[in-house]
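Got the viewer open? Load the model, switch to cartoon, and follow along one selection at a time.

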Amino acid sequence: MRARLFRNQDGISEKGFSLIELLTSLMVVTLLLGLLLSSMIYLNTINKKAQTNQKLCYSQRYIELYFQKQILRSEKIVLKNNRVYLQDIESPDSYYNYYQYSNGFLRRYKVYKNSLTSIGSGGNSQFLDGISSFSMTLGANQEILLKYSLVIDGVSYYRETTILHGRMVEVQ
């Protein structure tokens, strides 16, 4: 665009733009700002989804690796009253653990190895939060089945995992 020469009332020439040129340039600037704003909103949405997927992936990986480690370190797995008992990682010669969901938390309960009774005070601890359901059962071929739902940003994600272990399972 080139500025045109206009004469004012006194006959002095001034440079200026026509109304059409001014409206066209305003429209172009508005379109560019609209595209910029919509791309920023789109990038923000993608970022939120990526953060949710990352939280979900980390939580799921933590649960599965923890239980896989504990199951594979257990010399013997005990099934009693439909509850799976795994050897305690810190003191496998003295204690077993079982896990139970209650009030939004997954809790770990420590019991004596021989009697599978509670050790009393300090016998349970919060293991994981942000979970809406959990079950650990024994499958048809003695594999461990984990079924749980993770809550990430108010949305619940259901997961199932099978852990093959090749350990002896004692049913009581």
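We'll start with the whole chain, go on to the helix and the core, and finish with a few loop residues.

**Stop 1: the whole chain**

Keep in mind that this is a predicted model. Color by secondary structure and count: the protein chain has one helix and 11 strands. Starting at the N terminus, two β elements come before the α, and the rest of the run is β.

Now zoom out. Along the principal axes, the C-alpha atoms of the protein chain fill a box of roughly 110 × 35 × 25 Å. How does the radius of gyration of the protein chain sit against that of a compact globule of 172 residues? The chain has 32 Å, while such a globule would be near 16 Å.

Switch on the surface next. The accessible area of the protein chain is about 11700 Å², and carbon and sulfur atoms account for 54% of it. Of the 172 residues, 26% count as buried. For the charged side chains, select 20 positive and 13 negative ones; the centres of the two sets lie 1 Å apart.

**Stop 2: along the helix**

Select 19-73, which is helix H1. Tyr42 sits in this helix. Is Tyr42 buried or exposed? It counts as exposed because its relative accessibility is 54%, and the cut-off for exposed is over 50%.

Keep Tyr42 selected and add Ile63. The two are 21 residues apart in sequence, and their C-alpha atoms are 32 Å apart in space.

**Stop 3: the largest nonpolar core**

In soluble globular proteins, nonpolar side chains tend to be buried together. Here, the largest nonpolar core has 24 residues. Show Phe67, Tyr99, Phe134, Met136 and Ile144 as sticks: these have the most contacts inside that core.

Which elements each supply at least two residues of this core? Highlight helix H1, then strands S3 (76-80), S4 (83-87), S7 (124-129), S8 (131-138) and S9 (144-152).

Center on Phe67 and bring up its neighbors. Leaving out residues up to four places away in sequence, Phe67 touches Leu86, Tyr99, Leu106, Phe127, Phe134, Met136, Leu146 and Ile163. For the chain in general, 37% of the contacts with a separation of 6 or more are between residues 24 or more positions apart.

Apart from the 24-residue core, there is another core, of seven residues. Select Tyr96, Tyr98, Tyr109 and Val111, which are among its members.

**Stop 4: the loop between S3 and S4**

Go to Asn82, in the loop between S3 and S4. Check its backbone: phi is near 60°, a positive value in a residue other than glycine. Asn82 counts as exposed because its relative accessible area is 71%, and the cut-off is over 50%.

**Stop 5: the loop between S8 and S9**

Two residues are worth selecting here. Ala140 is in the loop between S8 and S9, and so is Gln142.

What is the phi of Gln142 near? The value is near 70°, positive in a residue that is not glycine. Gln142 is partly exposed, with a relative accessible area of 33%. Ala140, by contrast, is exposed, at a relative accessible area of 76%.

For a last view, select Ala140 together with Leu22 and draw a C-alpha to C-alpha distance. The pair is 118 residues apart in sequence and 77 Å apart in space.

Key:
Residues are numbered from 1 along each chain as its sequence is written. This is a predicted model: local features need pLDDT of at least 70, side-chain atom pairs count only at pLDDT 80 or more; totals for chains, interfaces and linings use all residues. Side-chain values use heavy atoms; hydrogens and water are left out. Helices (H or I, at least four residues) and strands (E, at least two) are DSSP runs, numbered from the N terminus. The radius of gyration is taken over C-alpha atoms; the globule rule is 2.2 Å times the number of residues to the power 0.38. Buried means under 20% relative accessible area, exposed over 50%, partly exposed in between (1.4 Å probe, protein chains only). Contact means heavy atoms within 4.5 Å. Accessible areas come from the Shrake-Rupley method with a 1.4 Å probe; for residues, only the protein chains shown count as cover. Lys and Arg count as positive and Asp and Glu as negative; His and the chain ends are not counted. The place of a charge is taken as NZ of Lys, CZ of Arg, CG of Asp or CD of Glu. A nonpolar core is a set of buried Ala, Val, Leu, Ile, Met, Phe, Trp, Tyr and Cys residues joined through side-chain atoms within 4.5 Å.
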